[in-house]
Every structure is written in C-alpha cells, then in structure tokens.
Amino acid sequence: MEAVEYTFDYFFSVPFFRAAGMTLLITVTAVILGIVLGLIIAMIQESKVKILGGIVIFYLWLFRGTPVLFQIIFVFNVLPSFGILFSGFTSAMIALALNEGAYMSEIMRSGLQAVGKGQRMAGRAVGLTDWQVMRFVVIPQALRIVIPPIGNQFIGMLKLSALVSVVAVEELMLVSNQAASANFRYLEALAAAGIYYLLFTTVFMYIQSHIEAWAAGNRRRNQDKSAGFLKRLMGVVPQQASMR
C-alpha cells in the first residue's frame, strides 16, 4: 500500500508533471520536424536531380547508420569544438529531428510512389504544373497511406525521447531517476514514469484510429475507429513502415 501511495505522489508531483510535458513536447516537435524534413527529402528524390540525390543518399546513410544516442552526444559535445554551441534541449531536438527525417523520408517516398503515374498525367493534362500536381493530386492521396506508419514513428519517438536525459534535459526518465536516487524508491518512481508513457501512448493510438478512419472516409467510421484502436492497442495492426 505504501508503494502505491509513493507512486501516486510521484505521478501527481510538479516535477513529474513538468517532465511529462517536456517528454511530450520533445516527441511532438521531433515528429513534426521529421515529417517536414522527410517530405522535402522525398520530393528531392522524386525530382531525380543527381547532385541533390547524392546529398540525400549521404544524409540517409549517416543518420540511419548511427545510433540516435551517438547523434545526440555528437551534437552536444562535439559541435562546440567547432564553435557551434547549443543547449541540451536544442541539441536533442536537432539530433532527433534529423534522425526522424531520415526515416520519415522513406515513409513519405513510399506514399508518393503509391500514387499512380496515370493520375499525375491526368493532372498535367488539365493544365496543372508539376508543383500543383504534387500539392493537389499526389500529396492528399499519399497522406492516407502514410498516416499509419507515421503513428508508429510517433510512438517510437515517445520512447526514444528518454535518450535526451544524457544531455541533462529534464524529461521523464531523468526526473524519475533523480527522484528515486534521493530515497531509493526506484520501483515507485519508475512506475509513475511508466504510467505517463502508457497514458501518452494510449491516447495517441486512440487519436490515430480516429484520424485513419477520417482519412479512409469509411461509412462505418465509428466502428472502424473502435476496431482500429483496439487492434492497435493489442499490437495486431500491421507495421506498414516500421523501419527502426
């Protein structure tokens, strides 16, 4: 009973609440920046410009071939030796966004390529420019394809956000570890942090199921949302683009 009381004391404490907010901020910001960067890279790959394509290949090779923890530490500890100094939070966001962009680019590229050439040609036939075809024809259809894997990436980023504790960003793992170190109540402190992680994951999976049903435009939308959420919660949704 005492353990339960300690757990809830941690859960409702101001430091844990702030740390949970920081974890959510890091996750959402990194995913949004990753989506934007990934879409830009995917469009560069579609353009077939050799010079830009070579830069993209190097970028993907670098950030998909090294650990996220390595990238965070590199930005925070190595770049200052070149006169480039960032705070712990900024360093973490730069590293996570660049890493996420490398994976999001593959998701976006697969979504863009899933739209048939016939629809692109039809858009050009009615007088649309290549940019207008991309904006009004390709991207809206690709979004329905990329929503599920983007949701997977969001959940993955929520867990990866714990790595930023190495550069002293006060997110859930750092705060829970510090709290537990004061009185050796590791079970209770980590349990409180775990509840926050599970809460965020569950809420986002529920929201994602609604977004997917809306994007699909199914008449049985409400039924699909419930089924999609339950399947995702049980872990039986196909991992369409799980690339980590």
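This report describes the fold, one helix, the salt bridges, the backbone exceptions and a surface patch of a predicted model.

## Overall fold

The protein has 10 helices and zero strands. Read from the N terminus, the order of elements is α-α-α-α-α-α-α-α-α-α. Of the 244 residues in the protein, 40% are buried.

Contacts between residues at least 6 apart in sequence are mostly between distant positions: 76% of them join residues at least 24 apart. The accessible surface of the protein is about 13,600 Å². Carbon and sulfur atoms account for 68% of that surface.

## Helix H3 and its surroundings

Helix H3 covers residues 50-65, which is 16 residues. From its first C-alpha to its last, H3 reaches 22 Å, close to the 22 Å expected at 1.5 Å a residue. Its buried residues are Val56, Tyr59, Leu60 and Phe63. They lie on the same side of H3, because the arc they cover around the axis is only 100°.

The cover over these buried residues includes helix H2 (14-47), helix H4 (68-78) and helix H5 (88-113). On the face of H3 turned away from the buried side are the exposed residues Lys50, Ile51, Ile57, Trp61 and Gly65.

## Glutamine 71

Helix H4, one of the elements that cover the buried side of H3, contains glutamine 71. Is glutamine 71 buried or exposed? Its relative accessibility is 5%, so glutamine 71 counts as buried, the cut-off being under 20%.

Leaving aside residues up to four places away in sequence, glutamine 71 touches Leu62, Phe63, Thr66, Ala95 and Asn99. Among these contacts, Phe63 is also one of the buried residues of H3.

## Salt bridges

Side chains of opposite charge can pair when their charged atoms come close. The count in this model comes to three salt bridges. Two of them involve arginine 185. One joins the side chains of arginine 185 and glutamate 2, at 2.9 Å from N to O. Arginine 185 sits in the loop between helix H8 (172-183) and H9, and glutamate 2 sits in helix H1 (residues 2-11), so this pair ties together parts that are 183 residues apart in sequence. The other joins the side chains of arginine 185 and glutamate 188, at 3.0 Å from N to O. Glu2, Arg185 and Glu188 are thereby linked in a network of salt bridges.

How accessible are the members of this network? Arginine 185 is partly exposed, at 22% relative accessibility. Glutamate 2 is also partly exposed, with a relative accessible area of 46%. Glutamate 188 counts as buried, at 5% relative accessibility.

The remaining salt bridge is between glutamate 106 and arginine 109, whose closest N and O atoms are 2.7 Å apart. Both residues belong to helix H5, and because they are three residues apart, about one helical turn separates them. Glutamate 106 counts as buried at 14% relative accessibility, while arginine 109 is partly exposed with a relative accessible area of 25%.

## Positive phi in two loops

Most residues other than glycine have a negative phi. Which loop holds alanine 168, a residue with positive phi? Alanine 168 is found in the loop between helix H7 (130-160) and H8. Its phi is about 65°, although it is not a glycine. Alanine 168 is exposed, with a relative accessible area of 58%.

Phenylalanine 184 likewise has a positive phi, near 60°, without being a glycine. The loop between H8 and H9 holds phenylalanine 184, and arginine 185 of the salt-bridge network lies in that loop as well. At 65% relative accessibility, phenylalanine 184 counts as exposed.

## A nonpolar surface patch

Leu199, Val203, Tyr206, Ile207, Ile211 and Trp214 make a nonpolar surface patch of about 590 Å². One of these residues, leucine 199, lies in helix H9, which runs over residues 186-216. Leucine 199 is partly exposed, with a relative accessible area of 42%. That value is above the 30% relative accessible area that residues must exceed to be part of a patch.

Definitions and conventions. Residues are numbered from 1 along each chain as its sequence is written. This is a predicted model: local features need pLDDT of at least 70, side-chain atom pairs count only at pLDDT 80 or more; totals for chains, interfaces and linings use all residues. Side-chain values use heavy atoms; hydrogens and water are left out. Patches are made of residues with over 30% relative accessible area and no salt bridge: like charges are joined within 9 Å, nonpolar side chains (Val, Leu, Ile, Met, Phe, Trp, Tyr) within 5 Å. Accessible areas come from the Shrake-Rupley method with a 1.4 Å probe; for residues, only the protein chains shown count as cover. A salt bridge is a side-chain nitrogen of Lys or Arg within 4 Å of a carboxyl oxygen of Asp or Glu. Helices (H or I, at least four residues) and strands (E, at least two) are DSSP runs, numbered from the N terminus. Buried means under 20% relative accessible area, exposed over 50%, partly exposed in between (1.4 Å probe, protein chains only). The expected span of a helix is 1.5 Å times one less than its number of residues. The arc is that of the directions from the helix axis to the C-beta atoms. Contact means heavy atoms within 4.5 Å.
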